[in-house]
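Look at the sequence and the model together, and keep both in view while reading. The text below goes from the sheet outwards.

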Amino acid sequence: MSVDTIERRFLAAIASQRRSHAYLVSCPDFDRAYRLLRRAAGLLCYADAERSPDTYADFAQFDGSALSRPDIVRLKRELSMSSYAGKLRVILITNVHLLNEMLQNALLKTLEEPPEDTVLLLTGIEANLLPTVRSRCVKVRIPPLCGQELRAELWRMGATEGNISMLERACQGAPDRAAAMLADADAMELYARTTSLLCSALELRPDFEAADKLWRDRDSARTALEFMLVFSRDMLLSRSGAQLDANCDRMAATLAKRFTLGTISDIIGLLVEASRRLGTNVRPQDTAGWLLTRIVCAARR
């Protein structure tokens with residue numbers, strides 16, 4: 001089923017009276033998932049997918065990377081009260097996968113006993129959510145573009161013979177991410193330097209000085225983490241014996257042979273935790289140092 005068909009069916013379900021109380025949209029292109037949920041919120045608030053929900057009195061939006069336990073408690077308290085307009089209440093939470101286990105359990109209480117006339121719209125990485133949270137939501141899985149479809153889109157966007165293979169690996173089926181890289185020459189260099197930094201840590205040679213330079217601000221750090229997750233995903237696929245596509249990073253496949261599936265999964269977990277830390281007041285460079293130290297410890301086991 002095409003991506004467009006999945007999105008049309010989801011919005012049709014939202015517009016109907018048969019909607020659920022909670023939806024979880026997962027997509028490798030976070031921006032696409034966010035835009036889709038904003039359109040869904042427009043339908044719920046104003047019966048118009050093209051209208052912004054921000055002016056609707058009973059609409060609220062949160063970023064999971066910045067939510068704390070008091071925020072969840074306050075959200076639950078507000079949901080227990082009558083809505084301002086006496087109509088449907090709509091809550092949108094992005095990056096829900098960055099909530100730690102305690103906060104996910106707090107959110108679970110709302111999913112288990114949803115207030116009347118309330119719809120929760122969640123987006124994030126499904127695999128990083130508690131099974132109990134996932135089971136309380138209608139899951140909308142938007143697959144990444146791949147193969148010739150992705151390659152054709154990248155050519156259309158201006159990819160060249162020299163960078164198209166790297167773009168295919170780095171964007172993970174998300175054309176928006178590839179477009180951002182094509183528009184920023186530094187992003188191309190960042191991918192190479194980031195994967196080199198991760199490889200050094202896996203080989204027990206962490207380069208903390210390089211990490212400080214790469215993680216100079218939160219935006220650069222988030223991009224670097226995305227690239228590390230791409231590389232780690234290739235390691236996981238290779239180690240699990242999955243058939244690798246032509247765009248899989250061969251260095252990742254080589255390194256994967258040194259580690260167990262459990263170790264690679266632990267490294268991915270560290271990357272997710274580092275993403276969560278970037279949503280706090282911790283300096284990006286301090287998070288980079290923490291991450292490299294933990295990766296070295298994991299690689300030694």
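What follows is a walk through a predicted model, starting with its sheet.

The sheet is open and has 5 strands, in the order β2-β3-β4-β1-β5, with parallel pairing. Strands of a sheet pair through backbone hydrogen bonds, and the pairing can be parallel or antiparallel. Which strands stand at the edges? They are β2 (59-63) and β5 (138-141), and because each has a single partner strand, one side of each is left without a neighbour in the sheet. Neighbouring strands of this sheet are turned against each other by 15 degrees on average, with direction ignored. Helix α3 (residues 69-79) packs on the sheet and touches β2, β3 and β4. The direction of helix α3 makes about 165 degrees with that of β3.

Now take strand β4 and its pairings. Strand β3 (residues 89-94) is joined to strand β4 (residues 118-123) by 5 bridges, and these two strands run parallel. One bridge pair can be picked out here: Leu92 has Leu121 in β4 as its partner. Strand β1 (residues 22-26) is also joined to β4, by 4 bridges, and this pair runs parallel too. Leu121 in β4 is the bridge partner of Tyr23, and Thr123 in β4 is the bridge partner of Val25. Leu121 therefore appears in two pairings, with Leu92 and with Tyr23.How much of β4 is buried? The strand is mostly covered, with 6 of its 6 residues buried. In a regular strand, side chains alternate between the two faces of the sheet. In β4, Thr118, Leu120 and Leu122 lie on one side and Val119, Leu121 and Thr123 on the other, and both faces are covered.

Thr118 in strand β4 can serve as a closer example. Its relative accessible area is 5%, and a residue under 20% counts as buried, so Thr118 is buried. Leaving aside neighbours within four places in sequence, Thr118 is in contact with His21, Leu79, Leu88 and Arg89. Thr118 and Cys45 are 73 residues apart in sequence, while the distance in space is 11 Å, C-alpha to C-alpha.

The next strand to follow is β1. Because 5 of the 5 residues of β1 are buried, this strand is largely enclosed by the rest of the structure. Ala22, Leu24 and Ser26 point one way from β1, whereas Tyr23 and Val25 point the other way, and all are buried. Besides its bridges to β4, β1 has 4 bridges to β5, and β1 and β5 run parallel. Within this pairing, Ser26 stands opposite Arg141 in β5.

Away from the sheet, helix α9 (residues 185-202) contains Thr194. Is Thr194 buried or exposed? With a relative accessible area of 0%, Thr194 is buried. Not counting residues up to four places away in sequence, Thr194 touches Leu214, Ala224, Phe227 and Met228.

Two loop residues come next, and the topic is the backbone angle phi. Most residues other than glycine have a negative phi. Ala47 is not a glycine, yet has a positive phi of about 60 degrees. Ala47 is found in the loop between α2 (30-46) and β2. Its relative accessible area is 66%, so Ala47 counts as exposed. Leu204 is not a glycine either, and has a positive phi of about 65 degrees. Leu204 lies in the loop between α9 and α10 (208-214). At 40% relative accessibility, Leu204 is partly exposed.

The last topic is empty space inside the model. Rolling a probe the size of a water molecule over the atoms shows where such space is left. How many cavities of 30 Å³ or more are there? The count comes to 1 cavity. The largest cavity holds about 50 Å³ of space. Its lining includes Val3, Cys27, Pro28, Asp29 and Arg32. Also among the lining residues are Ile142, Pro143, Pro144 and Leu145, together with Gly173, Ala174 and Pro175. By type, the lining of the largest cavity divides into 9 nonpolar, 1 polar and 2 charged residues.

Definitions and conventions: Residues are numbered from 1 along each chain as its sequence is written. This is a predicted model: local features need pLDDT of at least 70, side-chain atom pairs count only at pLDDT 80 or more; totals for chains, interfaces and linings use all residues. Side-chain values use heavy atoms; hydrogens and water are left out. Buried means under 20% relative accessible area, exposed over 50%, partly exposed in between (1.4 Å probe, protein chains only). Contact means heavy atoms within 4.5 Å. Two strands pair if DSSP finds at least two bridges between them. Axes are lines fitted to C-alpha atoms, for helices over the stretch in contact, and angles run from 0 to 180 degrees between N-to-C directions. On a 1 Å grid over the protein atoms alone, a cavity is a set of points where a 1.4 Å probe fits but cannot get out, and a pocket is an open set with protein on both sides within 12 Å along at least five of seven lines; lining residues have an atom within 4 Å of a point. Grid points are joined across faces, edges and corners, and a volume is the space filled by probe spheres set on the points. Ala, Val, Leu, Ile, Met, Phe, Trp, Tyr, Cys and Pro count as nonpolar, Asp, Glu, Lys and Arg as charged, and the others, Gly among them, as polar.
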